[in-house]
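Colleague: I am new to this one. Can we go through it together, one question at a time?

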Amino acid sequence: MAFAENHINTDVPEKDVFALHFLQTLSNLSTQNPFSSPDKKSDRVKKIKKAAYVSMARAAGCTDRLWSRALLQRAAKRNNKIVRFPRRRKRVTWLRRRSNRRDPVEEAAAERLRNLVPGGGEMKTSKLMEETAHYIKCLSMQVKVMQCLVDGLSPK
Amino acid sequence: MSGRRSRSRQSSGTSRISEEQINDLIIKLQQLLPELRDSRRSDKVSAARVLQETCNYIRNLHREVDDLSERLSELLANTDTAQAALIRSLLTQ
């Protein structure tokens, strides 16, 4: 039973799934507030940025992942605000066996990582690394999708 | 005495993840990092280095999302390009 829990899986959906979710979220945005409306520029950028993170979390399977659940919860809480990843103070100990001889650089890097991955403050280190791998894959997928859109829209 | 031993055995078997699995995760992370992916002596890269590079990479990706959001916002607001109209019609269907 512990075996299934420890099984490491960092597979992510195809790029199309991310594109679809992003376009859908953008579409909802534009019906609420057309992109050509004289909105403040910084507000528009924030909305698009939020759309990027939220749609990424949805594409990644909403609540299947700790990071996407944390991200969506935070986005809902801070509605109309930029999605941010605040620093978490809660410390989670490493494996005791390992921490006895862990070097301080490694420990500091793990702490920084906790602040970068949504919900990272509450994860055990092994979980943190698994979630980080998944988060990185999804983020780079999202960046690719956005880059494609920008390239497609840019005047030739 | 015996109670202590059985507890430690139990915890290492179930709730704890072995050193080997941690190392697997480190390697998995390393393979995702452009900076370290292609390093020849992959076994020489320390866990600390992998974690540090992971942080840097995530930060770069966040910055890219920022930049691309800004560019997208400009492009979507710009009514002149035919592609924008196309995408907009796609979005507002």
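Colleague: Which residue meets A:E130 in a salt bridge at 3.9 Å, N to O?
Modeller: Bear in mind that this is a predicted model. Both partners lie in helix α7 of chain A, three residues apart, about one turn of the helix. Residues three or four places apart in an α-helix point the same way, because there are 3.6 residues a turn. The partner of A:E130 is A:K127.

Colleague: Is A:E130 buried or exposed?
Modeller: The cut-off for buried is under 20% relative accessible area. A:K127 has 31%, so A:K127 is partly exposed. A:E130 has 9%, so A:E130 counts as buried.

Colleague: Which residues are linked with A:K127 in a network of salt bridges?
Modeller: A:E130 is one of them. The others in the network are A:R65 and A:E131.

Colleague: Which residue of chain A does B:D66 meet in a salt bridge?
Modeller: This pair crosses between chains, from helix α4 (residues 47-77) of chain B to helix α3 of chain A. B:D66 is partly exposed, at 27% relative accessible area. Its partner is buried, at 13%. That partner, 3.0 Å away from N to O, is A:K49.

Colleague: What should helix α3 of chain A span at 1.5 Å a residue?
Modeller: The helix covers residues 41-59, which is 19 residues. Its end C-alpha atoms are 27 Å apart, and that agrees with the expected span of 27 Å.

Colleague: Which residue of chain B forms a salt bridge with B:R49?
Modeller: Both residues lie in helix α4 of chain B, four residues apart, about one turn of the helix. B:R49 is partly exposed, at 35% relative accessible area. The partner counts as buried, at 15%. With the closest N and O atoms 3.6 Å apart, the partner is B:E53.

Colleague: How many salt bridges does the structure hold over all chains?
Modeller: Side chains of opposite charge can pair when their charged atoms come close. Over all chains, the number of salt bridges is six.

Colleague: How are the rings of A:W67 and A:Y135 arranged?
Modeller: The structure holds one aromatic pair over all chains. The ring centres of A:W67 and A:Y135 are 5.0 Å apart. Planes over 60 degrees apart count as edge-to-face. Here the planes are at 65°, so the pair is edge-to-face.

Colleague: How many residues apart in sequence are the parts that this pair ties together?
Modeller: A:W67 lies in helix α4 (residues 66-77) of chain A, and A:Y135 in helix α7 (residues 125-153) of chain A. A:W67 is buried at 0% relative accessibility. A:Y135 is buried at 0% too. The parts are apart in sequence by 68 residues.

Technical notes. Residues numbered from 1 in each chain as written. Chains lettered and ligands numbered in written order. Predicted model: local features only at pLDDT ≥ 70, side-chain atom pairs only at ≥ 80, totals over all residues. Heavy atoms only, no water. Phe/Tyr/Trp six-rings, centres within 6.5 Å; stacked < 30°, edge-to-face > 60°. Helix = DSSP H or I, 4+ residues; strand = E, 2+ residues; numbered from the N terminus. Buried < 20%, exposed > 50% of the residue type's maximum accessible area, 1.4 Å probe, protein only. Expected span 1.5 Å × (residues − 1). Salt bridge = Lys/Arg side-chain N within 4 Å of Asp/Glu carboxyl O.
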